[in-house]
Amino acid sequence: MRSPKDFFAPLAVGAPDPVREIPALPSRMIHFFDPSNAKMAAKVPDLAKKVDVLLGNLEDAVRADRKEAARQGLVEIAQATDFGSTQLWTRINSLDSPWVLDDLITLVTEIGDKLDVIMVPKVEGAQDIHYVDRLLAQLEARAGLRRPLLVHAILETASGVANVEEIAGASPRMQGISLGPADLAASRRMKTTRVGGGHPGYLVRTDPVGEDLHEGRTTYQQDLWHYTVARMVDACAMHGILPYYGPFGDIRDVVACEDQFRNAFLLGCVGTWTLHPVQVDIAKRVFSPEPKDVAWARKVIAAMGDGTGAVMIDGKMQDDASVKQCRVVAELADKLAERDPELKQAYDEATKEALA
């Protein structure tokens, strides 16, 4: 075990100092693209203007015979594109694959100055993060990078869920964790073939009325992922990193997609994956607080002064706990407003009306 005093020391001679606080940059949508697909690659400059995070995917969605093309494609795209304030991430191949070492060596040494976060799939425990942590430090030193790359883990194995707290605190590089529902379902032997979302068979039923066990009993579909997302959010909050929902595979079902994204947002997730442009607008809408909620939060903060005591606002009691909740909403709104002028205008107008 490393001494706490050494936790923020570089893991290689010449590597940059680890970060001491993870930047909470807007990341409502992590939009995936295949760098080996020329049609997708051509859309990257335009997509960079519309999303918070662009992720060049090298893992499962890329065929084995296209791995090298995807890696090289990401290098070329990164070198040729001005991403502005949009973050560039990548999902490398799994640590038990024959491609991952070349992924890291190539990307860090050739475009490490353009990358923000490296997403690591199928993380089983802290040992996986420790391996990537040390290797990244060595490669950063080789490349002369002055800014450390951050690491994002995907929670998609039973072992990963069991070890999620130690994964979240395994390295100063840890930026966040995403739910990986498809691989996690397989790892747990869950009986669903859906990628994210609920299942009609996972339900609760109202009690019977009278002797008839069938008549008049209403059912309610439940969320397969509630426990896992809540545990992931707690682990991330405990270690000062960011939780994300993962993929929602049914591109056509925009209604259920929005519901699933909103559930994750309300539970504490800061963003989600988007696999198709239609999901980008959903994620942007859901993971941005409503103007009326921002206005209310700012109204409570203004009324509470130093944040102590209690006041009545519109017939509702507000105290120090209320202010803490409202600050979460208001601070997120401020960060998003810096990136999105339309949101800023909507937030400011709603606040002005609420405080009038």
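Guide: A salt bridge is counted here when a side-chain nitrogen of Lys or Arg lies within 4 Å of a carboxyl oxygen of Asp or Glu. The model is a predicted one, in which local features need pLDDT of at least 70 and side-chain atom pairs count only at pLDDT 80 or more, while totals for chains, interfaces and linings use all residues. Residues are numbered from 1 along each chain as its sequence is written, and side-chain values use heavy atoms, with hydrogens and water left out.

Visitor: How many salt bridges does the count come to by this rule?

Guide: One of them is formed by the side chains of Arg252 and Asp250, at 3.8 Å from N to O. Arg252 is exposed, with a relative accessible area of 75%, whereas Asp250 is partly exposed at 32%; buried stands for under 20%, exposed for over 50% and partly exposed for what lies in between, with a 1.4 Å probe and protein chains only. By the rule above, the number of salt bridges comes to 22.

Visitor: Which residue's side chain meets that of Glu258 in a salt bridge?

Guide: Glu258 belongs to helix α9 and its partner to helix α10 (residues 277–286), 27 residues away, and the pair thus links distant parts of the chain; helices (H or I, at least four residues) and strands (E, at least two) are DSSP runs, numbered from the N terminus. Glu258 is buried, with a relative accessible area of 18%, while the partner counts as partly exposed at 42%. At 2.8 Å from N to O, the residue that meets Glu258 is Arg285.

Visitor: Which residues are joined into one network by salt bridges that share partners?

Guide: One member of the network, Arg91, also lies in strand β3, where Gln87, Trp89 and Arg91 point one way, Leu88 and Thr90 point the other way, and all are buried. Salt bridges that share partners join Glu59, Asp60, Arg91, Lys122 and Asp183.

Visitor: In which order do the strands of the open sheet stand?

Guide: The edge strands are β9 (242–244) and β10 (272–274), each of which pairs on one side only, where two strands pair if DSSP finds at least two bridges between them. Neighbouring strands are turned by 25° against each other on average, direction ignored; axes are lines fitted to C-alpha atoms, for helices over the stretch in contact, and angles run from 0 to 180 degrees between N-to-C directions. The eight strands pair in parallel, and their order is β9-β6-β5-β4-β3-β2-β1-β10.

Visitor: What angle does the direction of helix α2 make with that of β3?

Guide: Helix α2 (residues 67–80) packs on the sheet and touches β1 (29–33), β2 (53–57) and β3 (87–91), contact being heavy atoms within 4.5 Å. The direction of α2 makes with that of β3 an angle of about 170°.

Visitor: Which residue of β10 does His31 stand opposite?

Guide: All five of the five residues of β1 are buried, so this strand is largely enclosed by the rest of the structure. Met29, His31 and Phe33 lie on one side of β1, and Ile30 and Phe32 on the other. Four bridges join β1 to β2, and three join β1 to β10, which runs parallel to it. In β10, the residue opposite His31 is Thr274.

Visitor: How far apart in space, C-alpha to C-alpha, are Leu136 and Leu104?

Guide: Leu136 lies in helix α4 (residues 126–143) and is buried, with a relative accessible area of 0%. Leaving out residues up to four places away in sequence, Leu136 touches Leu104, Val108, Ile118, Leu149, Val151 and Arg173. Two of these neighbours also belong together in the sheet, since Val151 in β5 is the bridge partner of Ile118. Although 32 residues apart in sequence, Leu136 and Leu104 are separated in space by 7.6 Å.

Visitor: Which residue shares a salt bridge with Arg173?

Guide: Arg173 sits in the loop between α6 (164–168) and β6 (174–179), and its partner, 33 residues apart from it, is in helix α4. Arg173 counts as buried at 7% relative accessibility, and the partner is buried as well, with a relative accessible area of 0%. At 2.7 Å from N to O, the side chain that meets Arg173 is that of Glu140.
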